[in-house]
Amino acid sequence: MFAKLVAVSLLTLASSQLMAAECKVDVDSTDQMSFTTKEITIDKSCKTFTVNLTHSGSLPKNVMGHNWVLSKTADMAGIAGDGMAAGIDKNYLKEGDARIIAHTKIIGAGEKDSVTFDVSKLTAGESYQFFCSFPGHNSMMKGAVVLK
């Protein structure tokens, strides 16, 4: 009887851990101007969400640098346009831009960076996009962020 109770308890514990939301994602960027994912789904139960960005290419950040930026879809073009003037030292992002929900720094070959943000900044039903703000990259390096 005790062994059965322990087995049931372990199964219950294991299934509750399987049901827990994954509140992080690993995203790789390449020299071919691409992210390894086109959509990131964030569970509403997550309080915070972490994006771990890596660069698996061989080119330095001043040539083929990438970052990960989150904004409302409608704000992406404006953020990218304003960011070009900011330059690489400011991660191609205008300082204090309130349209940016979260972002990593610009990274090059073999580098990585992470960003953790408060999920309460997102609204269910709103259209969000992640993208790279390095000049010219956001036409190919972008994807959807969905809150479920």
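Me: Which residue forms a salt bridge with E95?
Reply: This is a predicted model, so what I give you here is read from predicted coordinates. E95 counts as exposed, at 62% relative accessibility, while its partner counts as partly exposed, at 40%. The closest N and O atoms of the pair are 3.3 Å apart, and the partner of E95 is K90.

Me: How many salt bridges does the structure hold?
Reply: The E95 and K90 pair is one of them. Another links K24 to E22, where the closest N and O atoms are 3.6 Å apart, and K24 is partly exposed with a relative accessible area of 43%. Counted over the structure, the number is five.

Me: Is D97 buried or exposed?
Reply: D97 has a salt bridge to R99, with the closest N and O atoms 2.7 Å apart. R99 counts as partly exposed, at 26% relative accessibility. For D97 the relative accessible area is 9%, and the cut-off for buried is under 20%. That makes D97 buried.

Me: Which residues are joined with D97 into one network?
Reply: We've just met the salt bridge between D97 and R99. Salt bridges here share partners, and that sharing links D97 into a network. The other members are D82, K94 and R99.

Me: What is the pattern of helices and strands along the sequence?
Reply: The secondary structure comes to three helices and eight strands. Reading along the sequence, you start with a helix and end on a strand. In full, the pattern is α-β-β-β-α-β-α-β-β-β-β.

Me: Which residue does a disulfide join to C23?
Reply: The structure holds one disulfide. Its sulfur atoms sit 2.0 Å from each other, and the link is left-handed, with -90° about the S-S bond. The residue joined to C23 is C46.

Me: How many residues apart in sequence are the parts that the pair C23 and C46 ties together?
Reply: C23 lies in the loop between α1 (2-19) and β1 (24-29), and C46 lies in the loop between β2 (39-42) and β3 (48-55). C23 counts as partly exposed at 26% relative accessibility, whereas C46 counts as buried at 4%. Because the two cysteines sit in those two loops, the parts they tie together are apart in sequence by 23 residues.

Me: How many residues does the largest nonpolar core have?
Reply: In soluble globular proteins, nonpolar side chains tend to be buried together. In this protein, buried residues make up 39% of the 148 residues. Those with the most contacts inside the largest nonpolar core are I42, W68, L70, F117, L122 and V145, and the core's residue count is 28.

Me: Which strand gives the most to this core?
Reply: At least two residues of the largest nonpolar core come from each of β2, β3, β6 (112-118), β7 (128-131) and β8 (142-147). One of these gives three residues, the most of any. That strand is β3.

Me: What is L122 in contact with, leaving aside its neighbours within four places in sequence?
Reply: L122 is among the residues with the most contacts inside the largest nonpolar core. I42, F117 and V145 are on that list too, and they turn up among the contacts of L122. With the rest added, L122 is in contact with I42, L70, I101, F117, Y128, V145 and L147.

Me: Where is the place of S133, and which residues does S133 touch?
Reply: S133 is in the loop between β7 and β8, and counts as buried at 1% relative accessibility. Its side chain reaches the backbone oxygen of N91 at 3.1 Å, and a polar atom of that side chain lies 3.2 Å from the backbone oxygen of Y92. Not counting residues up to four places away in sequence, S133 touches N67, V69, N91, Y92 and L93.

Me: Over which residues is the pLDDT below 50?
Reply: The protein averages a pLDDT of 90, and 86% of the residues score at least 70. One stretch with pLDDT below 50 has zero contacts in the model beyond near neighbours in sequence. Where pLDDT is low, the predicted coordinates should not be read in detail. The stretch to treat that way is residues 5-18.

Note on methods. Residues are numbered from 1 along each chain as its sequence is written. This is a predicted model: local features need pLDDT of at least 70, side-chain atom pairs count only at pLDDT 80 or more; totals for chains, interfaces and linings use all residues. Side-chain values use heavy atoms; hydrogens and water are left out. A disulfide is a pair of cysteine sulfur atoms within 2.5 Å. Helices (H or I, at least four residues) and strands (E, at least two) are DSSP runs, numbered from the N terminus. Buried means under 20% relative accessible area, exposed over 50%, partly exposed in between (1.4 Å probe, protein chains only). A nonpolar core is a set of buried Ala, Val, Leu, Ile, Met, Phe, Trp, Tyr and Cys residues joined through side-chain atoms within 4.5 Å. Contact means heavy atoms within 4.5 Å. pLDDT is the predictor's confidence in each residue, from 0 to 100. A polar contact is a pair of N or O atoms within 3.5 Å; within protein, one must be able to donate a hydrogen and the other to accept it, and residues adjacent in sequence count only if both atoms are side-chain atoms. A salt bridge is a side-chain nitrogen of Lys or Arg within 4 Å of a carboxyl oxygen of Asp or Glu.
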